[in-house]
Structure formats: C-alpha cells, structure tokens
Amino acid sequence: MSQTPYGFDAARFRAARAAAGATVPHIARTAQVTERAVSLYLAGTRTPRPAVLVLLARYE
C-alpha cells in the first residue's frame with residue numbers, strides 16, 4: 001500500500017473519491033495539481049506533499 005509517515009493511504013483516497021462521486025478533474029482543480037498527479041495518487045505510485053494532502057482531505 002501507499003502508506004506514508006504522515007498517513008496518506010491510496011486505497012482510502014480511492015474509497016473517499018468514490019463515496020463523494022468526485023471526478024479526477026474536479027479533485028485536481030481543487031487541490032491545485034495536475035490530473036496526472038491525482039491519477040498517480042489514486043494508483044498509489046505517488047504521494048502528495050503535505051500541503052496538497054490538506055486540500056485532498058476534504059474528500060474524506
């Protein structure tokens with residue numbers, strides 16, 4: 001899994017996205033990152049910076 005010292009978990013992010021019905025473009029705009037970055041976060045191959053994680057947390 002994509003578990004980091006500050007708690008990012010890709011599986012939990014995917015579940016939160018599905019529950020919220022949020023699209024990748026909407027999340028990217030809200031978190032001020034590229035759609036590619038969001039896709040990598042969802043896949044668990046990239047970990048968001050702490051500042052971005054705060055913006056992503058609104059979907060949990």
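Colleague: What makes up the secondary structure of the protein, in helices and strands?

Modeller: The protein has four helices and zero strands, in the order α-α-α-α along the sequence. Helices (H or I, at least four residues) and strands (E, at least two) are DSSP runs, numbered from the N terminus. This is a predicted model, in which local features need pLDDT of at least 70, side-chain atom pairs count only at pLDDT 80 or more, and totals for chains, interfaces and linings use all residues. Residues are numbered from 1 along each chain as its sequence is written, and side-chain values use heavy atoms, with hydrogens and water left out.

Colleague: Why are H2 and H3 called roughly perpendicular?

Modeller: Helix H2 (residues 24-31) and helix H3 (residues 35-43) pack at about 110 degrees, their axes 8 Å apart. Angles of 65 to 115 degrees count as roughly perpendicular, under 35 as roughly parallel, over 145 as roughly antiparallel and the rest as oblique. H2 and H3 are therefore roughly perpendicular. Axes are lines fitted to C-alpha atoms, for helices over the stretch in contact, and angles run from 0 to 180 degrees between N-to-C directions.

Colleague: Which residues make that contact?

Modeller: H2 contributes Val-24, Pro-25, Ile-27 and Ala-28, and H3 contributes Glu-35, Val-38, Ser-39 and Leu-42, where contact means heavy atoms within 4.5 Å. They divide into six nonpolar, one polar and one charged. Here Ala, Val, Leu, Ile, Met, Phe, Trp, Tyr, Cys and Pro count as nonpolar, Asp, Glu, Lys and Arg as charged, and the others, Gly among them, as polar.

Colleague: At what angle do H1 and H3 pack, and which residues meet?

Modeller: The angle between H1 and H3 is about 115 degrees, with axes 7 Å apart. Ala-10, Phe-13, Arg-14 and Arg-17 of H1 meet Val-38, Tyr-41, Leu-42 and Ala-43 of H3. This contact has six nonpolar, no polar and two charged residues.

Colleague: Why is Gln-32 called exposed, and His-26 partly exposed?

Modeller: Exposed means over 50% relative accessible area, buried under 20%, and partly exposed in between (1.4 Å probe, protein chains only). Gln-32 has 68% relative accessibility, so Gln-32 counts as exposed. His-26, in helix H2, has a relative accessible area of 36% and is therefore partly exposed.

Colleague: What else marks Gln-32?

Modeller: Its phi is near 60 degrees, a positive value in a residue other than glycine. Gln-32 sits in the loop between H2 and H3.

Colleague: What makes up the largest nonpolar core?

Modeller: The core has 16 residues, and Phe-13, Val-33, Val-38, Tyr-41 and Leu-56 have the most contacts inside it. Such a core is a set of buried Ala, Val, Leu, Ile, Met, Phe, Trp, Tyr and Cys residues joined through side-chain atoms within 4.5 Å. Helix H1 (10-20), H2, H3 and helix H4 (50-56) each supply at least two of its residues.
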